[in-house]
Amino acid sequence: MPTPNPDSTTELILIRHGETAWNRELRFQGHADVPLNDMGHEQARRLGLRLASETAQHIISSDLMRAQQTAAPAALQLSLPVVTSAGLREQYFGIVEGMRADEIQALHPRAWEQWLEFREDHAMPEGESAREFHARIVAALGTLAATHRGQHLIVVTHGGVLDMVWRTARGLSLSGPRQSDIPNAGFNRIRIADPAMPDAIEIVDWADTRHLADLPPQPTYDQRRHFEKN
């Protein structure tokens, strides 16, 4: 296989949005347009300071409010506009968006049982399967790498998107629970050498939260705990 020209390698700093009230309550957010809470705004402020020294040419964000609000301090520091993309949205969870696990279990018990199997072709009612979600995210990365070939980008998106990136880079199945740490407002750096192969992802840095070190612990939805109990 030919070695890609280094000038064609696109570097992406991938950021999960800051904390929201629904993160704190462990609700399924998906495409629901939930704003940052006070902690999320503080995380975004610190992230902006962390990113001030980066030589990024563009900032691209999911079009959902929590991602755009997270991108805003970095955009101010770097004097760059924020370009939005619906392709970078979180996985769509259909009728269960806004619910906690216990609420889904009570109202949609069969859907919850199937969810706990973490199969790539399963979707919540009216929602998006992991396979469909993965295809959307890889396509979005390919578009970014082709449009911004050889550039450095800051991309603000969602936890599920980062999960798809991790699985792709590590050659993991789309089935099974999440295996990687994906903190709110964490710093992740990847490279895509060939825009024609957006699934050939190199992870350079992952889940760096040094800029958040003295903040309270984040809420964590541990899929592995549910999977092991099931």
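Trainee: Serine 79: buried or exposed?
Mentor: Serine 79 is exposed, at a relative accessible area of 64%. Exposed is over 50%, buried is under 20%, and partly exposed lies in between, with a 1.4 Å probe and protein chains only.

Trainee: What am I looking at, and how are things counted?
Mentor: It is a predicted model: local features need pLDDT of at least 70, side-chain atom pairs count only at pLDDT 80 or more, and totals for chains, interfaces and linings use all residues. Residues are numbered from 1 along each chain as its sequence is written, and side-chain values use heavy atoms, leaving out hydrogens and water.

Trainee: Back to serine 79. Where is it, and what is its phi?
Mentor: Serine 79 lies in the loop between helix 3 and strand 3. Its phi is positive, about 55 degrees, although serine 79 is not a glycine. Helices (H or I, at least four residues) and strands (E, at least two) are DSSP runs, numbered from the N terminus.

Trainee: Why flag a positive phi?
Mentor: Because most residues other than glycine have a negative phi. Leucine 26 also has a positive phi, about 55 degrees, and is not a glycine.

Trainee: Where does leucine 26 sit, and what is its accessibility?
Mentor: Leucine 26 is in the loop between helix 1 and helix 2. It counts as partly exposed, at 35% relative accessibility.

Trainee: What else is in that loop?
Mentor: Alanine 32 is in the loop between helix 1 (21-24) and helix 2. Alanine 32 is buried, at 17%. It touches Trp22, Leu64, Arg66 and Glu97, leaving out residues up to four places away in sequence. A contact is heavy atoms within 4.5 Å. Alanine 32 and glycine 98 are 66 residues apart in sequence, and their C-alpha atoms are 7.4 Å apart.

Trainee: Now the sheet. What is the strand order?
Mentor: The order is 3-2-4-1-5-6, in an open sheet of six strands with mixed pairing. Strand 3 (82-85) and strand 6 are the edges, each pairing on one side only. Two strands pair if DSSP finds at least two bridges between them.

Trainee: How many bridges join strand 1 to strand 4?
Mentor: Six, and strand 1 (10-16) and strand 4 (152-157) run parallel. Glutamate 11 has histidine 152 in strand 4 as its bridge partner.

Trainee: Which helices pack on the sheet?
Mentor: Helix 3 (65-78) packs on it and touches strand 1, strand 2 (58-62), strand 3 and strand 4. The direction of helix 3 makes about 170 degrees with that of strand 2. Helix 6 (130-147) packs on it too, touching strand 1, strand 2, strand 4, strand 5 and strand 6. The direction of helix 6 makes about 135 degrees with that of strand 1. Axes are lines fitted to C-alpha atoms, for helices over the stretch in contact, and angles run from 0 to 180 degrees between N-to-C directions.

Trainee: And strand 2: which strands is it joined to?
Mentor: Four bridges join strand 2 to strand 4, running parallel. Four bridges also join strand 2 to strand 3, again parallel. Isoleucine 59 stands opposite isoleucine 154 in strand 4, and serine 62 stands opposite serine 85 in strand 3.

Trainee: Why call strand 2 largely enclosed?
Mentor: Four of its five residues are buried, so the rest of the structure largely encloses strand 2.

Trainee: Switching to helix pairs. How do helix 2 and helix 3 cross?
Mentor: The axes of helix 2 (38-51) and helix 3 come within 8 Å and cross at roughly 30 degrees. Helix 2 and helix 3 are therefore roughly parallel. Under 35 degrees is roughly parallel, over 145 roughly antiparallel, 65 to 115 roughly perpendicular, and the rest oblique.

Trainee: What is the make-up of that contact?
Mentor: The residues of the contact of helix 2 with helix 3 divide into seven nonpolar, five polar and one charged. Ala, Val, Leu, Ile, Met, Phe, Trp, Tyr, Cys and Pro count as nonpolar, Asp, Glu, Lys and Arg as charged, and the others, Gly among them, as polar.

Trainee: And helix 6 with helix 7: at what angle do the axes cross?
Mentor: Roughly 85 degrees, with the axes of helix 6 and helix 7 coming within 10 Å. That makes helix 6 roughly perpendicular to helix 7.

Trainee: Last one. Histidine 158: buried or exposed?
Mentor: Histidine 158 is buried, with a relative accessible area of 0%. It sits in the loop between strand 4 and helix 7 (159-170).
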